Amino acid sequence: MSFREAIVAVGQLREDGVIAEYAVGGAMAMVFWAEPVATYDLDVFVLLPAASGPLVSLAPLYQWATRQGYAVQDEHIVMEGVPVQVIPAHNDLAEEAVREAVTLEMEGTPVRVIRPEHLIALYLEPSARTRKRLERVATLLEGGVVDRPRLDAIVNRYGLTLPAGT
């Protein structure tokens, strides 16, 4: 299982035009900003190429995976032994998080990673706001990697609320 090789495969998705852009989110993104978090999969937020109609199809993604010889298991595509969940940006916040991601390095390979301020905002969305994710918010805030004015602007722009005392 190689997260690095899975990142290379995700980059190939972009090069092949299956996705327009990507950024690593979830627990793997936490690895870049705070103490490592146990995870078995890789969450990748993506911007899809412009659609010709109102419906978004993930068929090109799964066709690409099949051509590459990658297995599909439930919501994951297993790339280089790593379950990868490809998550189309579901709203303006997720799109902004992908567009404003930073390029960092994983074992010598460039990887786009969602900034900690956007990770926090994504964790604060009502549909994502779980105890585990609020713990991740606290970890990021305590880690000294958050640009607080940037975070406050994002939280205000999207009508989110930080937990009391933060």
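Me: Before we look at any one element, what does buried mean here?

Reply: A residue counts as buried when its relative accessible area is under 20%. This is a predicted model, and in it helix α5, residues 116–124, is mostly covered, with nine of its nine residues buried.

Me: Which residues of α5 are buried, and what do they pack against?

Reply: The buried residues are Pro-116, Glu-117, His-118, Leu-119, Ile-120, Ala-121, Leu-122, Tyr-123 and Leu-124. They pack against the strands β1 (21–25) and β2 (42–47), and also against the helices α2 (26–33), α4 (92–99), α6 (131–142) and α7 (148–157).

Me: Could we follow one residue of α5, and why does Leu-124 count as buried?

Reply: Leu-124 lies in helix α5, and because its relative accessibility is 2%, where the cut-off for buried is under 20%, Leu-124 counts as buried.

Me: Which residues is Leu-124 in contact with, leaving aside its neighbours within four places in sequence?

Reply: With those neighbours left aside, Leu-124 is in contact with Arg-129, Leu-134, Val-137, Val-155, Leu-160, Thr-161, Leu-162 and Pro-163. For one of these partners, Leu-134, the separation can be read in two ways, since Leu-124 and Leu-134 are ten residues apart in sequence and 7.5 Å apart in space, taken from C-alpha to C-alpha.

Me: Turning to the strand β1, are its two faces covered or not, and which residues lie on each side?

Reply: Both faces of β1 are covered, with Glu-21, Ala-23 and Gly-25 buried on one side and Tyr-22 and Val-24 buried on the other, so that five of its five residues are buried.

Me: How many bridges join β1 to β2, and which residue of β2 does Val-24 stand opposite?

Reply: β1 and β2 run antiparallel and are joined by five bridges, and Val-24 stands opposite Val-44 in β2.

Me: How should I read the packing of two helices, and what is the angle between α2 and α6?

Reply: An angle under 35 degrees counts as roughly parallel. Helices α2 and α6 pack at an angle of about 15°, with their axes 11 Å apart, which means that α2 is roughly parallel to α6. The crossing in which α2 passes α6 is left-handed.

Me: Which residues make that contact, and how do they divide into nonpolar, polar and charged?

Reply: From α2 the contact is made by Gly-26, Ala-27, Met-30 and Trp-33, and from α6 by Arg-136, Thr-139 and Leu-140. The residues of this contact divide into four nonpolar, two polar and one charged.

How values were computed
Residues numbered from 1 in each chain as written. Predicted model: local features only at pLDDT ≥ 70, side-chain atom pairs only at ≥ 80, totals over all residues. Heavy atoms only, no water. Buried < 20%, exposed > 50% of the residue type's maximum accessible area, 1.4 Å probe, protein only. Helix = DSSP H or I, 4+ residues; strand = E, 2+ residues; numbered from the N terminus. Contact = heavy atoms within 4.5 Å. Pairing = 2+ DSSP bridges. Axes fitted to C-alpha atoms, helices over the stretch in contact; angles between N-to-C directions. Parallel < 35°, antiparallel > 145°, perpendicular 65-115°, else oblique. Left-handed = near helix turned anticlockwise from the far one by under 90°. Nonpolar A, V, L, I, M, F, W, Y, C, P; charged D, E, K, R; others polar.
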